[in-house]
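Welcome! Please take a moment to look over the sequence and turn the structure around before reading on.

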Amino acid sequence: TNVVEKIAKAVGDLPHKLSPYHQLEEIHCPVVLLHGEDDPVISPEESRKLSLLLSKKQVPFLYRTSSAITHGDNLPI
């Protein structure tokens with residue numbers, strides 16, 4: 001418990017600051033969401049939820065999933 005408390009104190013509100021959800025007010029350009037269907041780290045459902053929020057905020061976006069990518073792929077297929 002002590003280690004977890006130290007980590008939480010060190011991290012502070014960084015996850016909140018880095019979350020795309022909390023940055024939507026600052027987004028003023030088109031967004032592409034490309035998500036691996038079998039992403040072991042973040043569920044594709046999270047990108048789907050983000051796409052709904054982008055739509056609600058009227059931010060232009062493209063949302064696609066693919067079985068050809070996983071988490072962290074950064075090279076063209």
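This short report goes from the whole chain to its largest pocket and then to two residues.

**The whole chain**

Keep in mind that you are looking at a predicted model. The chain holds three helices and two strands, and their order along the sequence is α-α-β-α-β.

How does the chain compare with a compact globule of 77 residues? Such a globule would have a radius of gyration near 11 Å, whereas this chain has 15 Å. Along the principal axes, the C-alpha atoms fill a box of roughly 40 × 30 × 20 Å.

Only part of the chain is hidden: 18% of the 77 residues count as buried. The exposed surface of the chain comes to about 6300 Å², and 58% of it is supplied by carbon and sulfur atoms.

Contacts tell you how the sequence folds back on itself. If you take the contacts between residues at least 6 apart in sequence, 61% of them join residues at least 24 apart.

**The largest pocket**

Rolling a probe the size of a water molecule over the atoms shows where empty space is left. In this model, the largest pocket contains about 300 Å³ of space. It is lined by 14 residues, and those closest to its centre are Pro20, Ile42, Glu46, Ser47 and Leu50. Two elements give two or more residues to this lining: strand E1 (31–36) and helix H3 (44–56). Helix H3 provides the largest share, five residues.

What kinds of residues line the largest pocket? The table sorts them for you.

| Kind of lining residue | Number in the largest pocket |
|---|---|
| Nonpolar | six residues |
| Polar | five residues |
| Charged | three residues |

**Two residues to find**

Start with serine 66, which belongs to strand E2 (residues 61–66). Is serine 66 buried or exposed? Its relative accessibility is 16%, and the cut-off for buried is under 20%, so serine 66 counts as buried. Serine 66 also has a partner from far along the sequence: glycine 36 is 30 residues away along the chain, yet the two C-alpha atoms are separated by 5.0 Å.

Now look for glutamine 58, in the loop between H3 and E2. With a relative accessible area of 71%, glutamine 58 lies over the 50% cut-off and is therefore exposed. Its backbone is worth a look too: phi of glutamine 58 is near 60°, a positive value in a residue other than glycine.

How values were computed
Residues are numbered from 1 along each chain as its sequence is written. This is a predicted model: local features need pLDDT of at least 70, side-chain atom pairs count only at pLDDT 80 or more; totals for chains, interfaces and linings use all residues. Side-chain values use heavy atoms; hydrogens and water are left out. On a 1 Å grid over the protein atoms alone, a cavity is a set of points where a 1.4 Å probe fits but cannot get out, and a pocket is an open set with protein on both sides within 12 Å along at least five of seven lines; lining residues have an atom within 4 Å of a point. Grid points are joined across faces, edges and corners, and a volume is the space filled by probe spheres set on the points. Helices (H or I, at least four residues) and strands (E, at least two) are DSSP runs, numbered from the N terminus. Ala, Val, Leu, Ile, Met, Phe, Trp, Tyr, Cys and Pro count as nonpolar, Asp, Glu, Lys and Arg as charged, and the others, Gly among them, as polar. The radius of gyration is taken over C-alpha atoms; the globule rule is 2.2 Å times the number of residues to the power 0.38. Buried means under 20% relative accessible area, exposed over 50%, partly exposed in between (1.4 Å probe, protein chains only). Contact means heavy atoms within 4.5 Å. Accessible areas come from the Shrake-Rupley method with a 1.4 Å probe; for residues, only the protein chains shown count as cover.
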